[in-house]
Amino acid sequence: PAVPPCPTCSDKGRSITYSVYPTRYNEFRKSDAFDEPDVVFVQNAGFSEFQADDGVQGWSEGWKGLQHLLPRHHEALLVFTSYTKGEADKDLERFLDQSRAMSNTAEILVGAKANPMRSYRP
C-alpha cells in the first residue's frame with residue numbers, strides 16, 4: 001500500500017514504501033524480494049530471551065544473526081520494541097554485545113524508554 005509523504009518530502013521527490021513478509025528477517029534477506037531498507041523495525045524483539053549459544057534452538061534459529069539486522073549503509077536505522085523497560089535494557093545490551101562480537105558498531109540515538117504511541121490495553 002502507498003503511504004503519502006509529507007509535503008516537504010514530496011517536494012524533495014521522496015517517497016515512502018513499506019513491505020511486510022511473513023518470515024524471519026535473516027531468511028528474508030536471502031530472498032529475491034529483499035531490498036536494502038532504510039529502517040528495520042523489530043517488534044517485541046526478545047533478543048535477551050535466549051542463551052547466546054548455538055545449541056539453543058531459539059537462538060540458533062532466530063537471533064544468532066543479530067548482526068544482519070544492521071542495515072549495510074550507515075544512515076539506516078534499527079528500531080526495536082520490548083514488552084518492558086527491563087527487557088528493553090537487556091535486549092539493547094545483548095544487541096550491542098553481539099554487534100561488538102561481529103566487529104560492528106552501532107550508534108545509539110535513543111535508548112530504552114516508554115513508547116509514547118503504546119496501547120494501554122492488555
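This passage describes one helix and a group of aromatic side chains in a predicted model.

Helix 4 spans residues 85-101 and thus comprises 17 residues, and the distance from its first C-alpha to its last is 24 Å, which is close to the 24 Å expected at 1.5 Å a residue. The buried residues of this helix are Glu87, Ala88, Asp91, Leu92, Arg94, Phe95, Leu96, Gln98 and Ser99. In general, an α-helix has 3.6 residues a turn, so residues three or four places apart point the same way.

Turning to the aromatic side chains, the count of ring pairs in the model comes to two. In one of them, the ring centres of Tyr21 and Phe28 are 4.3 Å apart and the planes are at 25°, so this pair is stacked, given that planes under 30 degrees apart count as such. Phe28 also forms an aromatic pair with Phe34, in which the centres are 5.5 Å apart and the angle between the planes is 75°, an arrangement described as edge-to-face. Through these contacts Tyr21, Phe28 and Phe34 form one aromatic cluster.

The members of this cluster can also be described by their accessibility. Tyr21 has a relative accessibility of 38% and therefore counts as partly exposed, whereas Phe28, at 13% relative accessibility, counts as buried. Phe34 likewise counts as buried, because its relative accessibility is 16% and the cut-off for burial is under 20%.

Notes:
Residues numbered from 1 in each chain as written. Predicted model: local features only at pLDDT ≥ 70, side-chain atom pairs only at ≥ 80, totals over all residues. Heavy atoms only, no water. Helix = DSSP H or I, 4+ residues; strand = E, 2+ residues; numbered from the N terminus. Expected span 1.5 Å × (residues − 1). Buried < 20%, exposed > 50% of the residue type's maximum accessible area, 1.4 Å probe, protein only. Phe/Tyr/Trp six-rings, centres within 6.5 Å; stacked < 30°, edge-to-face > 60°.
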